[in-house]
Structure formats: structure tokens, C-alpha cells
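Visitor: Got a minute to walk me through this one? I'd like to go over the side-chain contacts.
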Amino acid sequence: MLLRRASSDGGAGVRAEEAVVGLATGPVPGGPGGAVPVRRGSPSPAAVATALLGELLVTAGAVLLLFTGWQLWWTDVVAERDQAVTTAALAEDWRSLASTGAPAAPATQEPPELAAPAPGAPFAVVHVPRFGPDWPPRPVVEGTGAADLEAGVGHYPGTALPGQVGNVALAGHRNTYGRPFHDIAELRPGDPVVLETAQGWFVYLATTAEVVLPSQVDVVAPVPGRPGDVPVERVLTMTACHPIASARERYVQHAVFDRFVPRAAGAPAELALPTTAGAEVLA
Amino acid sequence: MSLYGALWRCLPGPLPVRLVLAALLALAAVAALFHWVFPALAPSVPWNDSTVGAAAPARSTAPAPASSS
């Protein structure tokens, strides 16, 4: 130990230590000829350990910074790209369906019954004009797992499908992974939320919003807030985290079904407008 | 004696070549982190807990308000 510690002191110190060692332990292993095993310029183990620890800590700090950048920026880049691809693929599917002579939309405005989507499968596209022209329509996928919410807006399994009596419950990230519901708190009563499927457009109009705890699952019950009640209305509920960049609470936006627009009738007018006609300007 | 010092000494060639190689190595490390490591870590960090409500025993039967951060 003593031999090595001497190394960092340089000349005089080294010689002094050598002398001490020589006195204390007798002949050193290096031989009597003065070939002491002290390599000049090689740092002590403590210095090496400190330097390595410092490098590791600096590296860990850099990795944590990178993780922050990845979470806040890169997940958006990837998710927005992937979700745009999904939306385009759905639109393509629906176009080809329409062109292959699918049965014409019924004259009645009663919304059609949808087949239950497979877990993880995109089955609809959600349009929210209030979110502005820079907000591309997002795919709606079946399920609310982490992978589902990276793929788009998640549809709570077991809740109503678009147009069905009951509650169509949707979950979306408010931040990161494309943050589809980032502006959910900007929705005002009457704002349209439109679910587009192969059959057409299901127009819902926003009603009330509330902030709840993550454990309050009754907001997505068939009758929101009244678990167990038999639904008679067609409603929709969007959930996102609240406050932004936190998982402490949930922001919940309710909406009520307005009408179904079959594909043959063309896109509803709501989609062409940045906000509801004559409504207040987006703040 | 240091990790990065040892790495630097391992790099062949003159200074410009070493600089380019070092930059490529750093880029590869960042790419690996972004592509594999961070996505694997993301579910474990608290602010990404997107199904807090569903963590209850009723996970499969009762849907929960999901989505976070």
C-alpha cells in the first residue's frame, strides 16, 4: 500500500516513502539494487477509482439528459410519424372498400353497428377541429395499454363502439408519444369530436369536462358517473392525464352523440371548420 | 487511466480519423439508447404509468381512466 501511495508525490516524497518502507519491511521485492516497484507517474488506486467513478457519474448524467430528450421529443417524433402512417392506411382501406361496391349507406340516419375490433387494431380516426389545423387526425386503436397509446388514441375495451348506445371511452396521451390529447382542456361545450370509420362519420358534441382521480373509473361507465345504470343515450368520454406531464389526476371530457353521416354523404361540415361555426375563436 | 482515455487510445489513425471514429461511436451509443434502452425503461418510470386506475385488481373487467404525461 505504502509503496503505491508514494507514486503521486513525485521525487522527494517518493524517496522518503521508499526509505520508510525500506526501514519497515526490510529488502523490497524489487531487489536490493534500488529497483523499487514504484512506477513514476502511475496514479494510486484511489485516484484511479475516483477518476473512473467521476467518468461513470458524468456518463450517467448524460444518459439521464438523453432520456429526458428522448421522452419529451423523440417519442413525439416517432409516434406522430407512426400515427400518420396508420391514419393514411385506414383512409386507403376505406377508399378501396368504397370503390369495391360496398353496399350503399342506408337512407336512415341510424348509425350502423360496428364489428368489435381486435385488440390493438386501429378501427377509427378521431377528428377534433378545436385542436387546430396542425393537429392531424389520430387513429383510434382497441385497448389502452402503453403500446396502444403509443399507436394512437386508445379505446377502452368493453365500452361502446362509435354510434352504439352507451359510452365510447377514449384515452390519449396529453404529453409525449404524439400527445394526441394535449389540448383537451381547450375543448368547449358544443365543439365537435368526430369519429370516422369505414361506414362514415359519427359526430359527437362536447358537453362537460371534469378533473378526477385516476381511480375514478366510473367516468367511462356506460352512463358516466353512474356505474351499473343501463344506458339509453349515446355518449363519448375522452380521458387524458392532468395536469400536463403528470399522472396525478385525469382530465375528462364528455360529449354527446349528435348524428351519423354515412360515407356516401361526404364528410360532415364540422371537419372543414377550425371551430364550430360562429363559435369563439380558439384562444 | 480512464475509460474514455483508454477508448481514445484504442482508436487507430491520425487525429481527424480518431475524431470521426469517436463521433461515430457516440452516435451509435445514442442510437442504441434511443432505439432499445429507453423504450425498455419507459414503462418503469412513474410519470409514464398510463394505466394507474387499471392497476387495481379489476384490471380485466373495469376499464380505467388511462393515459398520462
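Visitor: What share of the residues in chain B is buried?
Guide: Keep in mind that this is a predicted model. Buried residues make up 28% of the 69 in chain B.
Visitor: Which helices and strands does chain B have, by count?
Guide: Chain B has two helices and zero strands. About 4300 Å² of chain B is exposed, and carbon and sulfur atoms supply 77% of that area.
Visitor: Switching to rings, how many aromatic pairs are there over all chains?
Guide: There are ten aromatic pairs over all chains. One of them is W70(A) with Y177(A), an edge-to-face pair with 6.5 Å between centres and 85° between the planes.
Visitor: Where do W70(A) and Y177(A) sit in the chain?
Guide: They link distant parts of chain A, 107 residues apart: W70(A) is in helix 3 (residues 45-99), while Y177(A) is in the loop between strand 4 (166-171) and strand 5.
Visitor: Is W70(A) buried or exposed?
Guide: W70(A) is buried, at 4% relative accessibility, and Y177(A) is buried as well, at 7%. W70(A) also pairs with F38(B): the ring centres are 5.8 Å apart and the planes are at 50°, so that pair is tilted.
Visitor: Why does the pair of W70(A) and F38(B) join two chains?
Guide: Because W70(A) lies in helix 3 of chain A and F38(B) lies in helix 2 (residues 15-41) of chain B. F38(B) counts as buried, with 1% relative accessibility.
Visitor: Which residues do the ring pairs link into a cluster?
Guide: F67(A), W70(A), W73(A), W74(A), Y177(A), F34(B) and F38(B) are linked into a cluster by ring pairs.
Visitor: OK, charges now. How many salt bridges over all chains?
Guide: The count is seven. Among them is E196(A) with R263(A), whose closest N and O atoms are 3.0 Å apart. That pair links distant parts of chain A, 67 residues apart, with E196(A) in strand 5 (residues 192-196) and R263(A) in the segment after strand 8 (249-262).
Visitor: And is E196(A) buried or exposed?
Guide: E196(A) is buried, at 11% relative accessible area, whereas R263(A) is partly exposed, at 22%.
Visitor: Which ring does the charged end of R263(A) sit over?
Guide: The ring of W201(A), 4.9 Å from its centre. Likewise, the charged end of R174(A) sits over the ring of Y251(A), 5.3 Å from the centre.
Visitor: Which residues are linked in a network of salt bridges?
Guide: D258(A), R259(A) and E270(A) are linked that way. Between D258(A) and R259(A), the closest N and O atoms are 2.9 Å apart.

Key:
Residues are numbered from 1 along each chain as its sequence is written. Chains are lettered from A and ligands numbered from 1 in the order in which they are written. This is a predicted model: local features need pLDDT of at least 70, side-chain atom pairs count only at pLDDT 80 or more; totals for chains, interfaces and linings use all residues. Side-chain values use heavy atoms; hydrogens and water are left out. A salt bridge is a side-chain nitrogen of Lys or Arg within 4 Å of a carboxyl oxygen of Asp or Glu. Helices (H or I, at least four residues) and strands (E, at least two) are DSSP runs, numbered from the N terminus. Buried means under 20% relative accessible area, exposed over 50%, partly exposed in between (1.4 Å probe, protein chains only). Accessible areas come from the Shrake-Rupley method with a 1.4 Å probe; for residues, only the protein chains shown count as cover. Rings of Phe, Tyr and Trp (its six-membered ring) pair if their centres lie within 6.5 Å; planes under 30 degrees apart count as stacked, over 60 as edge-to-face and the rest as tilted. A charge sits over a ring if NZ of Lys or CZ of Arg is within 6 Å of the ring centre and within 35 degrees of the ring normal.
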